[in-house]
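Hi,

Here is the model I promised to pass on. Have a look at it first, and my notes follow underneath.

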Amino acid sequence: TTAGCARSSDARELAQVEPSSLVPTMSALDIRFPFTLELHEQHAALRSTIRWLESEVDLKRGTLAGGAFLGLLHTFQEQLVLHFRFEEANGIEGGFGSSDPELHALASGLIRQHHELEQHLAQALRGLDSAEDPYLALDALLALRAFFREIRKHDALEDAILQRLRHESVE
């Protein structure tokens with residue numbers, strides 16, 4: 001049958017694939033800090049979500065108060081808090097397992113930034129929640145845009161620290 005031929009053809013192709021190519025590659029950092037694989041995926045998802053939210057904010061301009069989009073912003077807030085706790089529990093709080101005092105100081109700064117970012121987003125959302133007229137939510141909208149700028153800077157700092165750890169783990 002045609003289906004049987006297709007299956008055997010697929011099996012032959014799969015048999016020709018090198019087994020090592022099916023295994024995800026891991027850096028020394030990933031072995032030393034397994035959470036970095038998950039962290040990388042979470043950061044990619046967060047960046048994508050933030051880009052989409054920013055574009056929606058720009059499209060909606062001052063009409064963000066109320067409605068389904070505000071619910072999405074609250075869901076994003078919940079997910080961001082979970083992401084921050086994941087980072088803290090799996091590496092940041094321990095200075096990424098490094099003995100370098102500078103990395104410990106940077107890690108402490110990241111945790112402080114987590115709390116500040118959470119407060120800034122909560123403040124912007126409270127402003128949107130309490131706006132009686134959707135067009136009067138301008139202050140909250142500006143706070144939300146400022147939050148997006150802050151989170152991008154925070155993300156870049158985390159990435160720089162992870163790059164530094166990669167270099168340390170190779171040496």
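Before the details, a word on exposure: I call a residue buried under 20% relative accessible area, exposed over 50%, and partly exposed in between, using a 1.4 Å probe and protein chains only. This is a predicted model, so local features need pLDDT of at least 70 and side-chain atom pairs count only at pLDDT 80 or more, while totals for chains, interfaces and linings use all residues. Residues are numbered from 1 along each chain as its sequence is written, and side-chain values use heavy atoms, with hydrogens and water left out.

**Overall picture**

The chain has 7 helices and 0 strands, counting DSSP runs numbered from the N terminus (helices are H or I, at least four residues; strands are E, at least two). Along the sequence that reads α-α-α-α-α-α-α. Of the 171 residues, 36% are buried. The accessible surface comes to about 10,300 Å², with 57% of it belonging to carbon and sulfur atoms; areas come from the Shrake-Rupley method with a 1.4 Å probe, and for residues only the protein chains shown count as cover. Taking a contact as heavy atoms within 4.5 Å, residues 24 or more positions apart make up 77% of the contacts with a separation of 6 or more.

**Cores**

By nonpolar core I mean a set of buried Ala, Val, Leu, Ile, Met, Phe, Trp, Tyr and Cys residues joined through side-chain atoms within 4.5 Å. The largest has 23 residues, and the members touching the most others are Leu 73, Phe 76, Leu 80, Leu 128, Leu 144 and Phe 147. Helix 4 (35–60), helix 5 (67–92), helix 6 (101–130) and helix 7 (138–170) each give this core at least two residues. Leu 73 is a good place to start looking: beyond its neighbours within four places in sequence, Leu 73 contacts Leu 53, Leu 125, Leu 128 and Leu 144. Apart from this core lies another, of 7 residues, including Phe 86, Leu 103, Leu 110 and Leu 162.

**Two glutamines**

Gln 77 sits in helix 5 and is buried, at 19% relative accessible area. Leaving out residues up to four places away in sequence, Gln 77 touches Leu 121, Ala 122 and Leu 125. Gln 119, by contrast, is in helix 6 and exposed, at 53%. The C-alpha atoms of Gln 119 and Phe 147 are 9.7 Å apart, with their positions 28 residues apart along the chain.

**Salt bridges**

I count a salt bridge when a side-chain nitrogen of Lys or Arg is within 4 Å of a carboxyl oxygen of Asp or Glu. That gives 6 salt bridges. Here are three that pair helix 4 with helix 7:

- Asp 159 and Arg 47 have their closest N and O atoms 2.3 Å apart. Asp 159 lies in helix 7 and Arg 47 in helix 4, so the pair ties together parts 112 residues apart in sequence. Asp 159 is partly exposed at 27%, and Arg 47 is partly exposed at 26%.
- Glu 54 meets Arg 152 at 2.4 Å, N to O. Glu 54 is in helix 4 and Arg 152 in helix 7, so this pair ties together parts 98 residues apart. Arg 152 is partly exposed, at 40%.
- Arg 145 pairs with Asp 58 at 2.9 Å between the closest N and O atoms. Arg 145 is in helix 7 and Asp 58 in helix 4, 87 residues apart. Arg 145 is partly exposed at 27%, as is Asp 58 at 38%.

Finally, shared partners join Arg 47, Asp 155 and Asp 159 into one salt-bridge network.

Cheers
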